[in-house]
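Opening the notebook on a new model today. I want to go through burial, packing, the sheet and the odd backbone angles, one entry at a time.

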Amino acid sequence: MASTEKLELREVLKEIKMSRAAFYRMRARGKAPKLIKLPNGQLRCRRSDLDAWWAKHEMSV
């Protein structure tokens, strides 16, 4: 069963250790995790989308 957990933007920023400004620059380039915009303007990220983003950016060492 897929996770339906939704993370607030501040939680995403904390996990990826990135400033809000850097995140928005990355988002403008289309490189950020997929976000959901709520009717009140707040942003959320599905845990599954953030995990997929992490997997996509993993490097084999």
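Before I look anything up, I fix my terms: buried means under 20% relative accessible area, exposed means over 50%, and partly exposed is whatever lies in between. I also keep in mind that this is a predicted model.

**Entry: aromatic pairs**

I looked for ring pairs and got 2 of them. Phe 23 and Tyr 24 make an edge-to-face pair, with 6.1 Å centre to centre and 85° between the planes. Trp 53 and Trp 54 have ring centres 5.3 Å apart and planes at 65°, so I log that pair as edge-to-face too.

Then I checked burial, ring by ring. Trp 54 has 33% relative accessibility, so it goes down as partly exposed. Trp 53 comes out at 12%, which means buried. Phe 23 is buried at a relative accessible area of 0%. Tyr 24 sits at 34%, so I call it partly exposed.

**Entry: nonpolar core**

Which residues have the most contacts inside the largest nonpolar core? I noted Val 12, Ile 16, Phe 23, Met 26 and Leu 50, in a core of 13 residues. At least two core residues come from each of helix 1 (9–16), helix 2 (20–28), strand 3 (43–46) and helix 3 (47–56). Helix 1 gives the largest share, 4 residues.

I followed Val 12 outwards, skipping anything up to four places away in sequence. What it touches is Leu 7, Phe 23, Cys 45 and Leu 50. As background for this entry, nonpolar side chains in soluble globular proteins tend to be buried together.

**Entry: helix 2**

I pulled the buried residues of helix 2 and got Ala 22, Phe 23 and Met 26. Looking down the axis of helix 2, I see these buried residues within an arc of 100°, so they line one face of the helix. What do the buried residues of helix 2 pack against? My contact check returns helix 1 and helix 3.

I also looked just past the end: Gly 30 follows helix 2, and its phi is positive, near 75°.

**Entry: the sheet**

I traced 3 strands in an open sheet, order 1-3-2, with antiparallel pairing. Strand 1 (6–8) and strand 2 (36–37) are the edges; each has a single partner strand, so one side of each has no neighbour in the sheet.

How many bridges join strand 1 to strand 3? I get 3, and the two strands run antiparallel. For one concrete pairing, I looked up Glu 8 and found Arg 44 in strand 3 as its bridge partner.

Next, what packs on the sheet. Helix 3 does, touching strand 1 and strand 3, and its direction makes about 65° with that of strand 3. Helix 1 lies across strand 1 and strand 3 as well, and runs at about 85° to strand 1.

**Entry: Lys 17**

Last lookup: backbone angles. Most residues other than glycine have a negative phi. Lys 17 caught my eye, with a positive phi near 55° in a residue that isn't glycine. Where is Lys 17 placed? I find it in the loop between helix 1 and helix 2. I checked its burial too: Lys 17 has 75% relative accessibility, so it counts as exposed.

Key
Residues numbered from 1 in each chain as written. Predicted model: local features only at pLDDT ≥ 70, side-chain atom pairs only at ≥ 80, totals over all residues. Heavy atoms only, no water. Core = buried A, V, L, I, M, F, W, Y, C linked by side-chain atoms within 4.5 Å. Buried < 20%, exposed > 50% of the residue type's maximum accessible area, 1.4 Å probe, protein only. Contact = heavy atoms within 4.5 Å. Arc of directions from axis to C-beta. Phe/Tyr/Trp six-rings, centres within 6.5 Å; stacked < 30°, edge-to-face > 60°. Pairing = 2+ DSSP bridges. Axes fitted to C-alpha atoms, helices over the stretch in contact; angles between N-to-C directions.
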